[in-house]
Every structure is written in C-alpha cells, then in structure tokens.
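Open the model in your viewer and keep the selection panel at hand. This tour goes stop by stop.

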Amino acid sequence: MRIALYPGTFDPITYGHLDVIERAVALFDEVVITLAKHSQKTPLFTTTERKALIEQATAHLPTISVETCDGLLVEFAEKRGAIAIIRGLRAVSDFDYEFQIALANRVLAPGVATVFLLPGEQYTYLNSSIVREVARLGGNVESFVPAHVGVALKSKFNTRTKP
Ligand code: COA
C-alpha cells in the first residue's frame, strides 16, 4: 500500500489544492490530506472547520482521508506509514523554499520522499490568502473554491457576494 501525505494549512482548500489532490490520487493507493501547523499562521477557519471543508470537497475521492498533525510532519509520515510527502510547485518562486524543506525532511526521515506535482497552469497564481482577501472584501470567489467553501467564507465574513 503506497501512502502519501499532502500537507498544508488549507485555510481554506481551493481548486488549486484539489487539482494537486486529484493528481496525487492517480499515483498513490491512499492520500492523507494532512492539516499541519504552520508556526507563523493563525488560520481564519478552525481545524474542525477546515477538515469539514476538505472532506466535503473530496467526498468523490474514495482513497482520500483527512487527518491532523500537531508536530513534525516527517514523524507523522513515519507513524502513518507514508512513503511520500506531496508538494505542489506552482512557480519557480516556490522552488527555493520547497527545496530547503524537502532536504531537511530527507535528513530527518530518509525513508520519506518529497514528490513535487505541478498544479494546472490556471491555478499558478492562487493561494488561500488571496481567496480570503477577496471574500473579506465581498468579492466573488466561485472561480477559486468549491461552492460550499464560498458559503463558509461568506458566513465568516458576514458579507454579501457582489454579482
Ligand atoms: N493551489 C492553491 N494554493 C496553494 C497550492 C495550490 N496547489 N499550494 C499551496 N497553496 C497555497 C497555500 O494555501 C498557502 O496559502 P496561504 O499562505 O495564503 O495561506 C500558500 O500557498 C503556501 O502553501 P504551503 O507552503 O503549502 O503552506 P501551508 O501553510 O499550506 O503549509 C506546512 C505549510 C503546514 C505544510 C508546513 O508548515 C509544515 O510542514 N508544517 C509542519 C511542521 C513541520 O514539520 N515543520 C518542519 C518542516 S521542515
């Protein structure tokens, strides 16, 4: 059984994440979407809310599960029996940071490979901060996130989506 983790903050999950998830599902027997902690981020959505939004967005994918990790990602990978950590590379600007983390993780856990996948080019600009900012200002986020995520953003910010 080849298990991969796809870690992130997912605050919230976007079509760009889903694009990477669907590519990973084709390569691995099980993909564990891992809600991990970024030391410098205070998410808008709680862990429970983010998990529920991901579960609804991936309900059509039977080999996906959603779990949380509070500590070191590679320790969780080993505990979970994962052979790979999936990372999406959206642009060259992602590379330096990802390269450093992948090497550090390889030193910490040589049995866990980092696998880089390219999201669809239509999502190279996308990140969760942009989505939160558009929603916060009452903009329409339907091109960026599934409908239920748009509803959750709207209720968080208590704004009305502009036409
Ligand atoms: N489509 C759309 N957006 C994407 C994307 C994609 N394919 N891939 C990444 N993004 C977005 C993310 O949503 C995030 O947006 P935001 O910063 O505006 O919220 C941004 O791009 C950066 O993504 P990423 O680098 O994956 O950050 P993250 O916060 O989602 O996840 C962790 C980082 C949690 C995976 C990392 O901090 C971690 O591994 N923590 C665990 C602790 C640990 O082991 N630390 C040591 C690592 S050496």
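A polar contact here is a pair of N or O atoms within 3.5 Å. Keep that cut-off in mind for the first stops. Remember too that this is a predicted model.

**Stop 1: the ligand's polar contacts.** Select the ligand and Leu73. A backbone N or O atom of Leu73 sits 2.8 Å from a ligand oxygen. Now add Lys41. Here the side chain takes part: one of its N or O atoms is 2.6 Å from an oxygen atom of the ligand. Next, add Ser129. A polar atom of the Ser129 side chain lies 2.3 Å from a ligand oxygen. How much of the ligand's accessible area does the protein cover? The ligand on its own has 940 Å², and the protein covers 85% of that.

**Stop 2: the shell.** Widen the selection to the residues around the ligand. There are 25, and those that come nearest are Thr9, Lys41, Arg87, Ser128 and Ser129. Colour the shell by residue type. You should get nine nonpolar, eleven polar and five charged residues.

**Stop 3: the pocket.** Show the pocket surfaces. Which pocket does the ligand take up? Its space is the largest pocket. Now colour by element. Strand 1 (3–8), helix 1 (15–25), helix 4 (95–108) and helix 5 (128–136) each give two or more residues to the shell around the ligand.

Hide the ligand and look at the pocket itself. The volume of the largest pocket is about 1,200 Å³. Its lining has 42 residues, with Pro7, Gly8, His38, Lys41 and Arg87 closest to the centre. Strand 1, helix 1, strand 4 (84–88), helix 4, strand 5 (113–117) and helix 5 each supply two or more residues to this lining. Which element gives the most? Select helix 4: it contributes seven residues to the lining. By type, the lining of the largest pocket divides into 19 nonpolar, 15 polar and eight charged residues.

**Stop 4: a loop with two backbone details.** Move to the loop between strand 1 and helix 1. Phe10 is in this loop, and so is Pro12. Check the backbone angles. Phe10 is not a glycine, yet its phi is positive, near 50°. Then step to the peptide bond from Asp11 to Pro12. Is this bond cis or trans? The Asp11 to Pro12 bond is cis, with omega near 5°. For comparison, most residues other than glycine have a negative phi, and most peptide bonds are trans.

Notes. Residues are numbered from 1 along each chain as its sequence is written. This is a predicted model: local features need pLDDT of at least 70, side-chain atom pairs count only at pLDDT 80 or more; totals for chains, interfaces and linings use all residues. Side-chain values use heavy atoms; hydrogens and water are left out. A residue is near a molecule or strand if one of its heavy atoms lies within 4 Å of it. A polar contact is a pair of N or O atoms within 3.5 Å; within protein, one must be able to donate a hydrogen and the other to accept it, and residues adjacent in sequence count only if both atoms are side-chain atoms. Accessible areas come from the Shrake-Rupley method with a 1.4 Å probe; for residues, only the protein chains shown count as cover. On a 1 Å grid over the protein atoms alone, a cavity is a set of points where a 1.4 Å probe fits but cannot get out, and a pocket is an open set with protein on both sides within 12 Å along at least five of seven lines; lining residues have an atom within 4 Å of a point. A molecule sits in a cavity or pocket if more than half of its atoms lie within 2 Å of its grid points. Helices (H or I, at least four residues) and strands (E, at least two) are DSSP runs, numbered from the N terminus. Ala, Val, Leu, Ile, Met, Phe, Trp, Tyr, Cys and Pro count as nonpolar, Asp, Glu, Lys and Arg as charged, and the others, Gly among them, as polar. Grid points are joined across faces, edges and corners, and a volume is the space filled by probe spheres set on the points.
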